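Visitor: I've got this one open on my screen and would like to know what the labels rest on. Can you walk me through it?
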Amino acid sequence: AELATMMNVGVNEIISSCMSLGLFVSINQRLDAETLAVVAEEFGYKVEFVSVEIAEAIEEEEDNPEDLKPRPPIVTVMGHVDHGKTSLLDHIRSTNVIAGEAGGITQHIGAYHVSLEDGRMITFLDTPGHEAFTAMRARGAQVTDIAIIIVAADDNVMPQTIEAINHASAAGVPIVFAINKIDKPGANPEKIKEELANMNYLVEEWGGKYQSHDISAKNGIGIEELLEKVLLEAEMLELKANADKKAQGTIIESELDRGRGYVSTLLVQSGTLRVGDIIIAGQYYGHVKAMFNERNQNVKEVGPAQPAIILGLNGAPQAGDKFNVMENEREARSITNKREQLAREQGLRTQKHITLDEIGRRIAIGNFQELNLIVKGDVDGSIEALSDSLIKLSTEEIQINIIHKAVGQISESDISLAAASEAIVVGFQVRPSLNARKIAEREQIDIRLYSIIYDAINEIKAAMEGMLSPEI
Ligand code: GDP
């Protein structure tokens, strides 16, 4: 698949070319150097092998335990469309609820922090939606500490609510529920809690472990209390960071501004970022020329769990790219050059994800404990039946987890969840959307389509026993 993408030909053409060489290969199989060269030549390409050993090894500075200081939690809001994500974030941003600082944050920014009267802070990632969350995670960036899942009390727990819950759970991020729109006449928060309970998400007032609060994002009711609960959850996580080293963190968003050049919003995750530092992010680098906080005020330094808008990069890195501070410009240039070269040569960022074929091999060498599956199907009944049977295949060595199941075609969001969670996507009587298929090919996500439950179970079982015959 990777070779097909690089040469811009169909995967089937590569497979049949291999067949003519007497090789029966699957879509995700690695070809050896010799085969690669022969196959590529058939399509008029000459293969040149480059070393993938790039100077990625940006050394991590060790932290002394005494340098680790408490840091604010980083929070994302997720939920079904129209349930109030934007309203909640806007309310918090514009009022800075608790401290009531004059002139709240008026501009849109991908991340901002608010402080409470007692000085405690919360950093919000304002890229609402589990798609953004999981897309970042698929790029290796786990930024969020806590997810607020918002559900409108005049509606129901909806498909995207369930997706959001599953995406947060797959990332191991604790959830706090915000039951919104309680000002509305038809609102029934208890009904939402009951629906959550039916999904095994029991809220605290019902004796469960999930914190939840009834709010009105529109009228500002209950938001202070909601944030208190978020902070309580954060306390249990004992979040710490070392401010006393070179900064590193994640790019939240970037754009090209006519007057100012490339402008990136980033989140410092450890260390302290200072004006003048040389940073690299993705394929770009530069001196930090100026930094601004979310109130558009000039700042000279930014510490852990704090966002900043920076000027000075020579390009726009992608959301989810990591940034690091380098010793000198030469080093920064050399690393970003290599990254750029590699990206160009590969055409696309390709990362090998788990496939069913790979499972048997990994089991044989004994390094496989969990198999994550995403199950999509045409009707609820068959999804339940299939998921139950698949979970029952778990053995002492391998635990099967269904990290998400839902009715509907296989979507882009399913693929990015699979990429972030090393999962295989199982489709029963459904197919991937065109975009989902494209992304799955690029990211090498294994999608298995079935129309008979028995086939699905048998194939997963065979894979677990290391007996799966290569798929052609
Ligand atoms: P999002 O799609 O989740 O970002 O939802 P929005 O924040 O855009 O909200 C969708 C609609 O619900 C908008 O018309 C909001 O004004 C409305 N809305 C959001 N929160 C509340 C609330 O607490 N009460 C009422 N009555 N309306 C709300």
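Guide: Sure, and keep in mind that this is a predicted model. Let's start with β2 (residues 74–79) and β4 (residues 121–125), which run parallel and are joined by three bridges.

Visitor: What makes β2 and β4 a pair?

Guide: Pairing takes at least two bridges between the strands. Here there are three, so β2 and β4 count as paired. To see one partnership, look at V75, whose bridge partner in β4 is F124.

Visitor: Where do those strands sit in the sheet?

Guide: The sheet is an open one with six strands, in the order β3-β4-β2-β5-β6-β7, and its pairing is mixed.

Visitor: Why are β3 and β7 called edge strands?

Guide: Because β3 (111–115) and β7 (211–214) each pair on one side only. From one strand to the next, the twist averages 25°.

Visitor: Which helices go with the sheet?

Guide: Helix α6 (residues 159–170) packs on it, touching β2, β5 (146–152) and β6 (175–180). Helix α8 (residues 223–237) lies across β2, β4, β5, β6 and β7.

Visitor: How do you know that α6 runs opposite to β5 in direction?

Guide: The angle between their directions is about 170°. That scale ends at 180 degrees and compares N-to-C directions, so about 170° means α6 and β5 point nearly opposite ways. For α8 against β7, the angle is also about 170°.

Visitor: What makes R260 a charge over a ring?

Guide: The distance cut-off is 6 Å from the ring centre. R260 is at 5.8 Å from that of F292, over its face, so the distance fits.

Technical notes: Residues are numbered from 1 along each chain as its sequence is written. This is a predicted model: local features need pLDDT of at least 70, side-chain atom pairs count only at pLDDT 80 or more; totals for chains, interfaces and linings use all residues. Side-chain values use heavy atoms; hydrogens and water are left out. Helices (H or I, at least four residues) and strands (E, at least two) are DSSP runs, numbered from the N terminus. Axes are lines fitted to C-alpha atoms, for helices over the stretch in contact, and angles run from 0 to 180 degrees between N-to-C directions. Contact means heavy atoms within 4.5 Å. A charge sits over a ring if NZ of Lys or CZ of Arg is within 6 Å of the ring centre and within 35 degrees of the ring normal.
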